[in-house]
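Hi,

Here is the model I promised to pass on to you. Please open it first, and then read my notes alongside it.

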Number of protein chains: 2
Amino acid sequence: MRIGEAAAAAGTSTKTLRFYEDRGLLPPAERTGNGYREYGNDAITRLEFIRRGRAAGLTLAQIGEILTLRDRGSAPCTHVRDLLAGQLADLDAQIAELAALRDAVAGFHHTASAGDPADCDPNRICSYL
Amino acid sequence: MRIGEAAAAAGTSTKTLRFYEDRGLLPPAERTGNGYREYGNDAITRLEFIRRGRAAGLTLAQIGEILTLRDRGSAPCTHVRDLLAGQLADLDAQIAELAALRDAVAGFHHTASAGDPADCDPNRICSYL
DNA sequence: CTTGACCTTCCCCTATGCTGGAATGTCAAG
DNA sequence: CTTGACATTCCAGCATAGGGGAAGGTCAAG
């Protein structure tokens, strides 16, 4: 199938397919006589995998690693497990950071809600921040 | 004081000061005869405010709004309170999203940790994702 | 007189994952 | 024969908050 059909089948755009090929996530597509890219079902499988990886918050670079391992014939499962572990740790760190920020902002907001704007110190930009 | 001293006093870089001026967060600096920027203590106050705002996760655009209100003579406290409320809501949404992602990734990771790589289905890129 | 530490403007680069558009080619249908 | 829907390549941009470095001006000290 041609690029438009493949993109539609994978629920993405032709731009994205060319972009992935350029980034090495998809192998260079076969070309028909007129230079059009030609895709098979394996490309769709690959695109779906990429989408699942994205949904799990993996970067294209990480997904590319997995695909490269797969393409070299080795089972990437162990690597995937490690990536997932790292992703889990990253997410926990991000969540902790955001939660701390949230608490700080909540404190500011509480003060701001309780205060009277008339009390605002003209020497500060804003007393609440 | 000149830009280098001001930057050091505010704990930032000269690049950042010029950048903020360009973005309207700092008023165009006075210039001495040789064209050098000249700063007073109010600039430091402003820079410190910007830093507090950044630490609260506000964007430069939002901080700019506050400063503009302040420069027009009105007390920006009410606006600050609203910005903080919005920021709080944003943070809660982000945290919820990350937490959901974290759970999904944890599920994948659990499966990956339990499985045997030998079971990997050759027809899939990786059975664990 | 020169060196070194400042300062100026200017433009490009970073990371991420695409998206838009221009200029051009291909091909089946009416 | 032309129109329209495809396809190709390549270049540019988004949004964020600056950083890097070039080419050059200024000024005090040695």
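The notes below cover the two DNA strands, the contact between the chains, and the salt bridges.

A word on conventions first. This is a predicted model, in which local features need pLDDT of at least 70 and side-chain atom pairs count only at pLDDT 80 or more, while totals for chains, interfaces and linings use all residues. Residues are numbered from 1 along each chain as its sequence is written, chains are lettered from A and ligands numbered from 1 in the order in which they are written, and side-chain values use heavy atoms, with hydrogens and water left out.

**DNA strand C**

Around DNA strand C there are 19 residues, and the closest are Lys15(A), Thr16(A), Tyr36(A), Gly4(B) and Arg18(B). (A residue is near a strand if one of its heavy atoms lies within 4 Å of it.) Of the atoms of DNA strand C that come within 4 Å of the protein, sugar and phosphate account for 64%. Two arginines reach phosphate oxygens of this strand: Arg18(B) has a side-chain N or O atom at 2.5 Å, and Arg31(B) has a polar side-chain atom at 3.0 Å. Tyr36(B) has a polar side-chain atom 3.5 Å from a base oxygen of DNA strand C.

Helix 2 (14-23) of chain A, helix 1 (3-10) of chain B and helix 2 (14-22) of chain B each give at least two residues to the surface near DNA strand C. (Helices, H or I with at least four residues, and strands, E with at least two, are DSSP runs numbered from the N terminus.) The largest share, 4 residues, comes from helix 2 of chain A. By class, the surface has 6 nonpolar, 6 polar and 7 charged residues. (Ala, Val, Leu, Ile, Met, Phe, Trp, Tyr, Cys and Pro count as nonpolar, Asp, Glu, Lys and Arg as charged, and the others, Gly among them, as polar.)

**DNA strand D**

DNA strand D is also surrounded by 19 residues, the closest being Gly4(A), Arg18(A), Lys15(B), Tyr20(B) and Tyr36(B). Here sugar and phosphate make up 67% of the strand atoms that come within 4 Å of the protein. Arg31(A) places a polar side-chain atom 3.1 Å from a phosphate oxygen of DNA strand D, and a side-chain N or O atom of Thr16(B) is 3.2 Å from a phosphate oxygen. At a base nitrogen of DNA strand D, the side chain of Tyr36(B) has an N or O atom 2.5 Å away. Helix 2 of chain B gives the largest share of the surface near this strand, 4 residues.

**Between the chains**

The chains meet through 46 residues of chain B and 46 residues of chain A. (Contact means heavy atoms within 4.5 Å.) Between them there are 2 salt bridges. (A salt bridge is a side-chain nitrogen of Lys or Arg within 4 Å of a carboxyl oxygen of Asp or Glu.) One salt bridge joins Asp92(B) to Arg102(A), with the closest N and O atoms 2.6 Å apart. On the side of chain B that touches chain A, helix 3 (41-55), helix 4 (60-71) and helix 5 (77-114) each supply at least two residues. Helix 5 gives the most, with 22 residues. That side of chain B has 29 nonpolar, 9 polar and 8 charged residues.

Arg70(B) is worth a look here. This residue sits in helix 4 of chain B and counts as buried, at 18% relative accessibility. (Buried means under 20% relative accessible area, exposed over 50%, and partly exposed in between, with a 1.4 Å probe and protein chains only.) A polar side-chain atom of Arg70(B) lies 3.0 Å from the backbone oxygen of Ile125(A).

**Salt bridges**

Over all chains, the count comes to 10 salt bridges. Arg37(B) pairs with Glu21(B), their closest N and O atoms being 2.9 Å apart. Arg37(B) lies in strand 2 (residues 37-38) of chain B and Glu21(B) in helix 2 of chain B, so the pair ties together parts that are 16 residues apart in sequence. Both Arg37(B) and Glu21(B) are buried.

A network of salt bridges links Asp92(A), Arg102(B) and Asp103(B). Asp103(B) is in helix 5 of chain B and counts as exposed, at 52% relative accessibility.

Best wishes

Methods: Polar contact = N/O pair within 3.5 Å; in protein donor to acceptor, adjacent residues only side chain to side chain.
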